[in-house]
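Open the structure in your viewer and keep the selection tool at hand. The stops below are meant to be taken in order.

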Amino acid sequence: MNLTIESVRLTPILVADPPLLNTQGVHQPYTPRLIIEVETADGITGIGETYGDTKYLELAQPFAEKLKGRQASDLNGLFGVADEVAVDASRVSGQVDVGGLRGVQTADKLRLSVVSGFEVACLDALGKALGLPVHTLLGGKVRDAVEYSAYLFYRWAGHPEGVPCEKDDWGAAVDPAGVVEQARKFKERYGFTSFKLKGGVFAPEEEIAAVRALAEAFPGHPLRLDPNGAWSVETSLKVAEELGDVLEYLEDPALGTPAMAEVAARTGVPLATNMCVTTFAEIKEAFTRDAVQVVLSDHHYWGGLRNTQQLAAICRTFGVGVSMHSNTHLGISLAAMTHVASTVPNLHHACDSHYPWQSEDVLTERMTFESGKVAVSDLPGLGVELDHDKLRFLHRRWLDDDGTLKDRDDAAAMRVADPDWTTPPVPRW
Ligand SMILES: O=C([O-])C(=O)C[C@H](O)[C@@H](O)C(=O)[O-]
Ligand SMILES: [Mg+2]
């Protein structure tokens, strides 16, 4: 068996995205992703997926070059390769990432976000070469299916008039009734039994009313609310008090570890985060201050599936819960998330996934949810197959774009509807 990497193909694409609202604006009609193909000397191809914005592409190109001639099995070596790739300082502000709402932006995190796509592709190739599923390469699954939660968003029925986009049948959700209706559709279509509402969009009272309406419509179902740090400590505490009886956890009510620690000290409602613990360096302060009770891992920016396992082990050591965060992603990443989640013993909360919002994919067969769960594949590698025609079609869309959509910008998308829109200050309420 020859696992030498002979070629690496990088294909940036634009995929349709609905008008999902968050505290910074609204999703653009198309969002960038990068599809990675790693081919071994034996002609085996492994696939991976990660963020597709320019700053990731800039790193992925030199990274891909350095990978040629290395072994697909040399997963630890990927981090050394990443260290050799220079990050343009202007790409990392050290501030919270405005495009993706996933915490501070650092050069290391950018590198890890690229490493993760290659690590998944190498694991897929390795699994196919050995005839083993990715979960076996990760030490073996401890469950046969992984549970996901319905990721509810306030949204418009469609993108603003005149904006080229794909249509969908979800309808608008801008009030409690709309949110409940959306949750019903999620339950009907995918069988989800826990619900997360993306908040920070409307005033807290309106979002409290929406979560109350969900609790009435779905009694006993786990509920979460995530305003992406849009609230002050006092507002966070007020929401926690009003919704404490129905929330499984409150996600990033306030921005940053000090504010989260203050909220956590004064409420019994568990706090989850994908904003203040997003790198290994951030763990110590957050855990010693008891600022968070659940960390939402994300293999994309934590640096891959094995780093996700390491994060889970640290959480287990400190008695902190673990689950999964999601940005817009396609089926390759859902497959990767499912493999790693199946190996984490202490994963006791349903994971987030944007996948139901994505009408387009690059797989020959879409991933499916049964009773809110994705079955863990036992096929070699990730157990999914790339559809090259679909990939070409979505790449063509990326090539044809004039640059407006090549970098995610929720504020710019919002300005199409509201020309005066600027990213709100934090805390917003
Ligand atoms: O905090 C979170 O769960 C996210 O940031 C997930 C996504 O980025 C979501 O907020 C979005 O895409 O608008
Ligand atoms: Mg979040």
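The tour goes from the domains to the sheet, then to a helix pair and the ligand.

This is a predicted model, in which local features need pLDDT of at least 70 and side-chain atom pairs count only at pLDDT 80 or more, while totals for chains, interfaces and linings use all residues. Residues are numbered from 1 along each chain as its sequence is written, and chains are lettered from A and ligands numbered from 1 in the order in which they are written.

**Domains**

Colour domain 1 (5–135 + 387–401) and domain 2 (141–375) separately; such bounds come from an automatic or database domain assignment. Their C-alpha centres lie 22 Å apart. The contact between them takes 40 residues from domain 1 and 51 residues from domain 2, where contact means C-beta atoms, placed from the backbone, within 7 Å. On the domain 1 side, select helix 3 (107–130), which gives the largest share, 9 residues. Helices (H or I, at least four residues) and strands (E, at least two) are DSSP runs, numbered from the N terminus.

**The sheet**

Next, select the open sheet of 7 strands, ordered 7-8-9-10-11-12-13 with parallel pairing; two strands pair if DSSP finds at least two bridges between them. Strand 7 (150–153) and strand 13 (321–324) are at the edges with a single partner strand each, so one side of each has no neighbour in the sheet. At the strand 7 edge, 4 bridges lead to strand 8 (residues 195–198), and tyrosine 151 stands opposite lysine 196.

Add helix 6 (residues 204–217), which packs on the sheet and touches strand 8 and strand 9 (223–226). Then show helix 11 (residues 305–317), lying across strand 12 (294–297) and strand 13 and running at about 180° to strand 12. Angles run from 0 to 180 degrees between N-to-C directions, with axes fitted to C-alpha atoms, for helices over the stretch in contact.

**Helix 11 and helix 12**

Keep helix 11 and add helix 12 (residues 331–343): their axes come within 10 Å and cross at roughly 35°. Leu305, Thr308 and Gln309 in helix 11 meet Ala336, His339, Val340 and Thr343 in helix 12.

**Ligand 1**

Which residues are closest to ligand 1? Among the 13 that surround ligand 1, they are Asn22, Leu101, Asn228, Asn274 and Asn327; a residue counts as near if its C-beta atom, placed from the backbone, lies within 6 Å. Domain 1 and domain 2 each supply at least three residues of this shell.

Conventions:
Contact = placed C-beta atoms within 7 Å.
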